[in-house]
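Here is a friendly walk through one model, written with a computational chemist in mind. Have the viewer ready and follow along.

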Amino acid sequence: MSLKDKLSELRQRGLADIKKSSDLKDVNQVRVQLLGKKGPITEVLRGMRDLDAEERPKVGAFANEIRDDLTAALTQRKEELEQAVLNAQLAKETIDVTLPGTPVAKGEPHVIQQIVDQIEDLFLGMGYQVLSGPEVEEDKYNFEMMNLPKNHPARDMQDTFYITKEILMRTQTSPMQARTLEKHDFSKGPLKMISPGVVYRRDTDDPTHSHQFHQVEGLVIDKHITMADLKGTLQVLAHELFGDKFDVRLRPSYFPFTEPSVEADITCFNCGGKGCKVCKNTGWIEVLGAGMVHPNVLKMAGVDPDVYGGFAFGVGPDRFAMLKYGVDDIRNFYLNDVRFLTQFTKKG
Amino acid sequence: MKISYNWIKEYLDLNVKPVDLAEKIERTSVEVDGVTTPSDGLKKIVVGHVLSMEAHPDSDHLHICQVDVGEDEPLQIVCGAPNVAAGQNVIVALPGSRIADNVKIKKSKMRGVPSAGMICALQEIGFSEDVVPKKYVDGIYVLPADATPGDAVYDYLGMNDSMIDLDVTPNRGDMLSLFGTLHDLAAIYDQPVKLDQPDVKEDGTAIADQLAVHVDDQLSPQYRMRLVKNVKLAPSPMWLQIRLWNAGMRPINNVVDITNYIMMKYGQPLHAFDYDKFAGNDVYVRTAKAGEKLTTLDENDHDLDENDIVIADDKAPIALAGVMGGLSTSIQDGTTTVAIESAVFEHDHIRKAAQRHNLHTDASQRFERGVNQAGVQDALDAAAQMMNELADGEVQTGTVVGSQNIPEPAVIDITLTHVNAILGTELTMDQVSHILESLGFKVVVNGDTLTVTVAVRRNDIHIPADLLEEIARIYGYDQLPATLPTGRMTMGTLTDKQRLMRATRHSLEGLGLNQAISYALTTEAKAQMFMMRASEPTHLAWPMSVDHAVLRMNVVSGLLDDIAYNSARKVKDVALYEQGRVFYREDGTDRPSEEEHIAGAISGTLMPEAWNQAAKPVDFYQMKGIVAAYLKDMAVNGDVTYVPNADMPEMHPGRTADVLVHGHRIGFLGQIHPLVAKQFKIAATYVFELNLQAIIDMPKQKNQYDVISRYPAITRDIAMLVDDDVTNDQVVALIERRGGAFLQSVKLFDVYDGVKVPKGKKSLAYTLTYQDKHETLVDDAVTQAFEKVSKRLEDDLGAQIR
Ligand SMILES: [Zn+2]
């Protein structure tokens with residue numbers, strides 16, 4: 001048998017062995033057997049010494065070709081087997097992806113906080129400052145400087161928790177208006193502020209009353225502020241909180257600290273304005289009080305009402321939350337049932 | 001106040017439905033609480049004529065009536081009313097009818113006798129018990145003799161009228177009357193309105209010879225009386241009774257009804273006295289004297305206060321002025337001479353008297369807000385005229401006047417420029433002056449200026465801003481443009497404090513706690529728990545309940561209330577935080593100072609049991625981890641340390657630590673005392689409370705970039721036995737102090753005090769990490785440093801290195 005034939009046969013047998021190998025160990029054995037230092041190819045090549053100088057390169061080339069073929073076959077077989085092992089392992093590792101994910105501890109902001117933050121962000125964007133005042137107030141700031149002198153009948157509208165004759169739990173966040181007006185330097189620019197916070201009324205707690213609730217007062221004072229600006233501002237607020245489809249309408253009302261005073265209604269959430277039980281068939285729901293700041297309020301704070309004027313409004317985040325989410329009992333906001341607190345988590 | 005749609009239509013030619021009129025009023029003047037038509041929901045209720053009546057054979061109180069209801073055959077109706085009688089016209093609910101509260105009436109048998117329908121009391125067709133004339137309260141109602149059997153009853157009883165219920169704000173006292181409302185509607189609908197003028201026929205003697213009044217005009221700026229003799233008391237005519245009961249007032253007799261009617265029409269409360277019951281011929285308007293008493297019309301006794309205004313005769317008070325008359329001089333059967341009072345009383349006195357005596361009447365409500373001071377005499381004359389016409393009374397000549405300080409009308413200058421500048425409108429002079437004139441104000445225009453003489457009845461209008469409201473509302477708020485403020489720019493930014501407070505909330509939410517908002521008013525005991533410093537409690541003067549009577553001086557107790565609320569509802573895993581104020585008060589001061597606090601509480605577990613993990617109940621170290629992570633977020637500048645505190649009465653003495661920043665105590669954390677848990681009826685709970693204001697005020701670290709070393713770190717583990725009372729803090733502090741220049745961090749990885757260590761000892765194990773930022777560390781250098789620190793631990797803390 002010629003060397004060439006020997007090599008051909010070697011290739012045949014080698015390829016068959018490679019094919020037969022069933023695991024990586026086998027493949028390795030076959031590799032050592034075929035291509036190792038003691039393997040047949042090395043042996044054949046060793047036998048080349050006996051060949052003609054003419055034949056030698058041909059046979060050499062042929063032997064190299066065979067060695068390359070076998071090496072390639074081995075590599076391929078090895079990869080096939082590795083893939084099989086990996087596939088088997090992956091199959092073994094397969095899990096039920098429908099099992100629930102591991103719980104994560106995650107807290108949520110209070111729903112009223114969410115609404116307050118939303119209002120704050122809206123007004124910050126329109127150049128307002130956010131100011132918060134004391135919850136325990138002086139009668140002077142809570143009432144007198146809001147044009148509610150002692151014995152004013154409208155004081156009966158707001159039952160007050162007094163601590164002493166002159167000290168009380170603020171019934172509104174408007175005292176911050178008076179406190180800020182007193183200090184504001186109008187030569188540095190207009191006053192645009194909101195004051196969010198907790199307020200207190202002497203009420204018995206029931207589904208629609210709470211002795212503690214929240215308020216956000218807004219105040220803008222400058223030289224050329226109009227009632228149309230108030231209307232526009234309230235419209236922006238309604239759109240921000242509830243959506244563009246909601247309309248605002250103003251109705252006359254009475255607050256001692258504003259003149260003219262208005263109450264603002266927005267389109268009923270429940271029926272979209274068609275009329276339903278929630279809105280008593282009017283299509284509108286009362287959401288806030290507002291008006292043009294009463295000249296007395298400005299005067300008492302040392303601001304000249306002939307030069308400066310503006311508007312004020314007061315919104316109740318509790319009421320907004322109740323309307324927006326259909327919360328039927330205001331006490332839910334202060335009892336902190338976790339099942340209640342974690343309902344308002346949608347951020348998308 | 002309920003105002004009649006039909007009555008309004010007698011004066012104004014309105015082509016609008018009651019609901020639309022109500023809507024217009026609500027949009028333009030005052031709120032409307034509702035519109036009701038009494039006949040709404042009723043069906044097949046007709047006039048019946050009782051032809052005959054006989055006793056029911058099987059009952060001692062039922063009657064069998066044959067009733068003509070305008071059909072060919074009379075109906076037989078069994079009726080139990082004590083006052084039913086043959087010959088009466090009555091209210092019949094026919095078979096198939098619907099009466100009040102949606103009740104259907106069918107043919108039936110009563111004790112065996114067939115009954116085709118029902119003879120009704122007013123209450124049964126929807127009248128409120130307190131407006132039904134006394135005579136008919138306990139029986140059926142008898143209709144006028146001229147009613148036609150078979151006719152629907154509604155028109156006979158005024159039930160097809162619609163009542164618009166006005167919710168009048170404190171400034172709009174003028175709207176508490178027909179005339180006031182008409183003035184507004186005249187402006188709203190831009191129609192002239194003509195109000196009838198009284199035309200009183202006087203005869204008899206001059207009143208001055210029969211009655212004198214002595215008035216303190218500070219208490220009563222106007223006080224007028226007329227005298228009407230020989231009145232014949234009788235029920236009022238139907239039209240008058242209808243006006244009253246539809247407005248919610250019970251018809252009593254013609255004299256009393258007239259005073260109520262005039263009040264509704266003019267807004268002027270009147271009072272009718274029985275003149276013959278006066279002691280003497282003098283009437284005094286004064287304040288009550290100490291010890292004086294009065295029994296009012298409603299038969300209640302009142303101890304009078306020296307600030308009460310009373311009407312008195314020579315002997316005693318006979319009325320609580322502006323609130324309610326006295327019983328002794330009231331109109332009763334037998335009254336023949338009536339003294340009618342029409343007056344104005346100082347509103348503040350009236351408001352307080354009504355509060356003091358808890359008597360909020362139609363009269364007091366009007367005097368508190370102010371009546372039309374230009375119409376006091378008109379109302380008096382109109383009442384006298386009606387007593388002449390309806391009760392045959394002889395109106396004595398003249399009016400006795402005790403005081404007559406009619407205020408001058410307000411005169412206000414306003415410019416058109418100002419109107420448009422404030423409202424944001426482009427109204428013309430004609431538009432503005434027309435609006436004001438349509439309200440009944442006089443307007444003189446001079447250039448840009450309007451000089452407005454306000455009608456006296458509008459006592460709420462004093463300044464230009466008040467006129468702006470009138471112009472705006474009559475013009476219509478819907479017609480105002482919607483714009484945003486222009487002018488000088490302002491920046492809207494949160495302050496550092498506000499940003500930190502927001503960051504606090506976000507941090508704690510990220511750490512798994514839900515935001516709670518609890519009540520700041522609590523019980524006296526809870527207010528004083530978990531105190532972080534000495535303070536006096538602040539009490540409300542008049543709390544609504546003991547549960548909310550004192551201002552909190554801690555936030556934790558509110559969170560425990562919340563946990564208890566959850567626990568009672570079987571929610572056992574609760575993790576809450578609250579950001580809010582506490583109120584500290586110095587002894588001797590009235591007003592507490594307010595301090596922002598941040599507190600947290602966890603009961604149960606933050607990590608509930610799942611299919612792949614067991615529940616991990618909250619413990620001290622988890623809460624400490626949360627506090628530490630939060631403080632790290634806030635980047636307070638200075639070491640945070642935790643020092644055991646066994647002295648807080650509400651906290652577990654062995655599981656409580658003070659939280660210190662740079663050596664200053666800012667709060668505490670730990671497990672609440674088991675007895676406190678028991679008191680709140682909650683499971684083991686871990687809490688923290690920190691002075692947020694202190695955190696806000698502390699200097700903060702700023703973020704900065706630190707090069708990450710390219711050179712490898714080398715770690716060494718060390719385990720040691722130490723005495724039980726040696727703390728982790730001591731060990732770490734010593735390692736950090738003596739660990740050498742390349743020590744990067746010390747991390748505790750094991751604590752063991754079980755059976756394998758000697759009693760009184762514990763085993764602590766740490767990983768020390770060394771690194772040089774500038775070159776690769778040599779092993780020898782690390783070994784050297786490590787040995788040095790080991791030696792120190794042995795020498796200084798008596799550690800046995802293992
Ligand atoms: Zn609706």
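## The largest cavity

Let us begin inside this predicted model, where the largest cavity has a volume of about 50 Å³. In total, the structure holds 3 cavities of 30 Å³ or more.

Which residues line the largest cavity? From chain A come Pro252(A) and Ser253(A). Chain B contributes Ser29(B), Thr169(B), Asn171(B), Arg172(B), Arg458(B), Asp460(B), Glu469(B), Glu470(B) and Arg473(B). By character, the lining divides into 1 nonpolar, 4 polar and 6 charged residues.

## Elements and domains around the cavity

If you prefer to think in secondary structure, strand S6 (248–255) of chain A and helix H11 (464–475) of chain B each supply at least two residues of this lining. H11(B) gives the most, with 3 residues.

Where does the largest cavity lie in terms of the domains of chain B? Domain 1 (2–37 + 162–189) and domain 4 (411–479) of chain B both give residues to the lining, so the cavity lies between them.

## The zinc site

Next, please turn to the metal. The zinc ion is coordinated by the SG atoms of Cys268(A), Cys271(A), Cys276(A) and Cys279(A), at 2.2 to 2.3 Å. Why is the arrangement called tetrahedral? The 4 donor atoms subtend angles of 103 to 113° around the zinc ion, and four donors count as tetrahedral if all angles lie between 85 and 135 degrees.

Along the sequence, the donor residues follow the spacing C-x2-C-x4-C-x2-C. Cys268(A) and Cys279(A) are 11 residues apart, and each sits in the loop between strand S7 (258–267) and strand S8 (284–293) of chain A. Are these two residues buried or exposed? Both Cys268(A) and Cys279(A) are buried.

## A cis bond in strand S7

Strand S7 of chain A has a backbone detail of its own: Pro260(A) is found in it. A cis peptide bond joins Glu259(A) and Pro260(A), with omega about -5°. For context, most residues other than glycine have a negative phi, and most peptide bonds are trans.

## Two positive phi values

Which phi value does Asn147(A) take? Its phi is near 65°, a positive value in a residue other than glycine. Asn147(A) is found in the loop between helix H6 (139–142) and strand S3 (167–169) of chain A. With a relative accessible area of 14%, Asn147(A) is buried, because buried means under 20%.

Over in chain B, Arg111(B) also is not a glycine, and its phi is positive at about 50°. Arg111(B) is found in the loop between strand S8 (107–110) and strand S9 (113–116) of chain B. Its relative accessible area is 52%, so Arg111(B) is exposed.

## Distances across the chains

To finish, zoom out a little. The domain assignment of chain A gives domain 1 (3–93) and domain 2 (111–342). How far apart do the C-alpha centres of these two domains lie? The distance between the centres of domain 1 and domain 2 of chain A is 89 Å.

In chain B, try Glu346(B) as a reference point. Glu346(B) lies in the loop between strand S23 (338–344) and helix H6 (347–356) of chain B. Glu346(B) is partly exposed, with a relative accessible area of 21%. Glu346(B) and Ala93(B) are 253 residues apart in sequence, and their C-alpha atoms are 50 Å apart in space.

Methods. Residues numbered from 1 in each chain as written. Chains lettered and ligands numbered in written order. Predicted model: local features only at pLDDT ≥ 70, side-chain atom pairs only at ≥ 80, totals over all residues. Heavy atoms only, no water. Donors = N, O, S within 2.8 Å, 3.2 Å for Na, K, Ca; no water. Tetrahedral: all angles 85-135°; square planar, octahedral: opposite > 155°, others 65-115°. Helix = DSSP H or I, 4+ residues; strand = E, 2+ residues; numbered from the N terminus. Buried < 20%, exposed > 50% of the residue type's maximum accessible area, 1.4 Å probe, protein only. 1 Å grid on protein atoms, 1.4 Å probe; cavity = no way out; pocket = protein on both sides within 12 Å on 5 of 7 lines; lining within 4 Å. Points joined across faces, edges and corners; volume = space filled by probe spheres on them. Nonpolar A, V, L, I, M, F, W, Y, C, P; charged D, E, K, R; others polar. Domains from an automatic or database assignment.
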